[in-house]
Amino acid sequence: MRNVLITGGAGFIGSNFIRYILEKESDLQIINLDALTYAGSLENLKNLPDEERHTFIKGDICDHSLVEDIMRRHHIDTIVHFAAESHVDRSILGPAKFIQTNVFGTFSLLDAARQVWLGEGVQPSEKVRFHHISTDEVFGSLSPDDPPFSETTSYAPNSPYAASKAASDHLVRTYAHTYDLPITITNCSNNYGPYQFPEKLIPLMILNAMQGLPLPIYGDGLQVRDWLYVEDHCEAIHFVLKQGRLGQTYNIGGDNQPTNLELVRQLCSILDEHLPQSPYTPHEGFITFVTDRPGHDRRYAMDIRKIQHELDWSPREDLASGLHKTVLWYLENIDWVDSIRAGSEYSEWLECNYERRGGVN
Ligand code: NAD
Ligand code: TYD
């Protein structure tokens, strides 16, 4: 791993991964290709540990000739593919972008890798790697007594987002099987931590609670997610890049599965502890039940024994420690929050998503 193309590196997980890997690997160069959609921001890339080893390129992964050009010009030997449309609720309101970026965009990258690495032999094929970041949502929804998702669970996506990620996973697998492209895939559970765009559950709840705004719980709030602290996720990807077996997929999860309601209550009590003078304490009083998401998956849980046994990776943070760190980060980084909220896309989204659910914002 010398010259790494990171796609979607201005988004939540991609920017955390860039920070992480610049600390861990002293001699790699990062080329960060990101279209800067509403979810990407250069604010996420301020004060990187070793800035001169990071090059940002604004561009679309669907632009095949741009990707090929970057791969040749920067002698790319590793692609870590994060770029995606990533929010289920947005995929329900407007699926087309999800098909374009998640399916066509992944195809565009894979085909550029096939052309440049395998067709032109610019890099020896034993030295290259395409690593694809995917999600537990491709497996569908679990009933209360079902065992967690393993790497061999059948795909059964339920939302346009999940279907587009499932399609991209299949394409990656195909390029390995048919063309011998060296690939690995990781399917991870819900991430949380610094720099997450505040339309997703955890940052939305922290920021609304701080302002005494309603905390909108979809449906009965008894849906279950497997929460993974983003830095643990970055470490897991690093382990897979270093020691993962080619052609394999690895499940990554946080090893904890609260209901949404339990999670939001826990966030509220952390805020009560850190903001005892707030007029909005106890924050839990702002919990509001709103119309459910159509087709809402009930439960996700990850079986992470494969990555634990093969690569000796396990999450370091438990839910309490990860949530504490996250709440503190948002409290201490109000400038970042303000810069993200200043964009019109944020307020437009709140209006569009929550007005129809009962107008809580
Ligand atoms: P994000 O929405 O925060 O960031 C996505 C980034 O991709 C943004 O910077 C955006 O500008 C960029 N992007 C979007 N379309 C692009 C295009 N056509 N060309 C180039 N760049 C483009 O997403 P995230 O939460 O950081 O997720 C990263 C990856 O992890 C995604 O593939 C997502 O499916 C996967 N994932 C996320 C979670 C989670 O909880 N956040 C869980 C499982 C899997
Ligand atoms: P989200 O962060 O959108 O992630 P995903 O849909 O990929 O799991 O949502 C996490 C859970 O929180 C999901 O069950 C939907 C629920 N949720 C709410 O109850 N209220 C909200 O305002 C949001 C954004 C999500």
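Start with the sheet: select the 7 strands that make up an open, parallel arrangement in the order 3-2-1-4-5-6-10. You're looking at a predicted model, so keep that in mind at every stop. Colour strand 3 (54-58) and strand 10 (249-252) separately: these are the edges, each with a single partner strand, so one side of each has no neighbour in the sheet. Now look at the twist: ignoring direction, neighbouring strands are turned by 20° against each other on average.

If you switch on hydrogen bonds, here is the background. Strands of a sheet pair through backbone hydrogen bonds, either parallel or antiparallel.

**Strands 1 and 2**

Next, select residues 3-7 (strand 1) and 29-34 (strand 2). Their pairing is parallel and runs over 5 bridges. Which residue of strand 2 is the bridge partner of Asn-3? Click on Gln-29 and you have found it.

**Helices lying on the sheet**

Keep those strands on screen and add helix 1, residues 12-24. Helix 1 lies across strands 1, 2, 3 and 4, the last of these being residues 78-81. Against strand 2, helix 1 runs at about 175°. Now bring in helix 2, residues 64-73. Helix 2 also lies across strand 1, strand 2, strand 3 and strand 4, and its angle to strand 2 is about 170°.

**From helix 2 to helix 4**

Leave helix 2 displayed and add helix 4, residues 96-119. The two axes come within 9 Å and cross at roughly 45°, which means that helix 2 is oblique to helix 4. This crossing of helix 2 and helix 4 is right-handed. For the contact itself, show the side chains of His-64, Val-67, Glu-68, Met-71 and Arg-72 on helix 2. On helix 4, pick Ser-108, Leu-109, Asp-111, Ala-112, Ala-113, Gln-115, Val-116 and Trp-117. Coloured by class, the contact of helix 2 with helix 4 shows 7 nonpolar, 3 polar and 3 charged residues.

**From helix 4 to helix 5**

Hide helix 2 and turn on helix 5, residues 160-179. How do helix 4 and helix 5 lie to each other, roughly parallel or roughly perpendicular? They pack at an angle of about 15°, with axes 8 Å apart, and are therefore roughly parallel to each other. Here, too, the crossing is right-handed.

To see what touches what, try these selections:

- Helix 4: Phe-98, Ile-99, Asn-102, Val-103, Thr-106, Phe-107, Leu-110, Asp-111, Arg-114 and Leu-118.
- Helix 5: Tyr-161, Ser-164, Lys-165, Ala-167, Ser-168, Leu-171, Val-172, Tyr-175 and Tyr-179.

By class, the contact of helix 4 with helix 5 has 12 nonpolar, 4 polar and 3 charged residues. Asp-111 is worth a second click: it appears in the helix 4 contact with helix 2 and again in the one with helix 5.

**Helices 8 and 10**

Jump along the chain to helix 8 (260-274) and helix 10 (319-332). Their axes come within 10 Å and cross at roughly 55°, so helix 8 is oblique to helix 10. Helix 8 passes helix 10 in a right-handed crossing. On the helix 8 side, select Leu-263, Gln-266, Leu-267, Ile-270, Leu-271, Glu-273 and His-274. Across from these on helix 10 are Leu-319, Ala-320, Leu-323, His-324, Val-327, Leu-328 and Leu-331. The class count for this contact of helix 8 with helix 10 is 10 nonpolar, 3 polar and 1 charged.

**Two backbone oddities**

Most residues other than glycine have a negative phi, and most peptide bonds are trans. With helix 8 still up, follow the loop from its end to strand 11 (287-290), where Pro-282 sits. The bond joining Thr-281 and Pro-282 is a cis peptide, with omega about 0°. Then go back to the loop between strand 2 and strand 3 and pick Asn-47. Asn-47 has a positive phi, near 55°, without being a glycine.

**Zoom out**

Finish with the whole protein chain, 12 helices and 11 strands. Its radius of gyration is 20 Å, close to the 21 Å that the globule rule gives for 361 residues, so the chain is as compact as a globular protein of that length. Along the principal axes, the C-alpha atoms fill a box of roughly 65 × 45 × 40 Å.

Note on methods. Residues are numbered from 1 along each chain as its sequence is written. Chains are lettered from A and ligands numbered from 1 in the order in which they are written. This is a predicted model: local features need pLDDT of at least 70, side-chain atom pairs count only at pLDDT 80 or more; totals for chains, interfaces and linings use all residues. Side-chain values use heavy atoms; hydrogens and water are left out. Axes are lines fitted to C-alpha atoms, for helices over the stretch in contact, and angles run from 0 to 180 degrees between N-to-C directions. Helices (H or I, at least four residues) and strands (E, at least two) are DSSP runs, numbered from the N terminus. Angles under 35 degrees count as roughly parallel, over 145 as roughly antiparallel, 65 to 115 as roughly perpendicular and the rest as oblique. A crossing is left-handed if the near helix is turned anticlockwise from the far one by less than a right angle, and right-handed if clockwise. Contact means heavy atoms within 4.5 Å. Ala, Val, Leu, Ile, Met, Phe, Trp, Tyr, Cys and Pro count as nonpolar, Asp, Glu, Lys and Arg as charged, and the others, Gly among them, as polar. Two strands pair if DSSP finds at least two bridges between them. The radius of gyration is taken over C-alpha atoms; the globule rule is 2.2 Å times the number of residues to the power 0.38.
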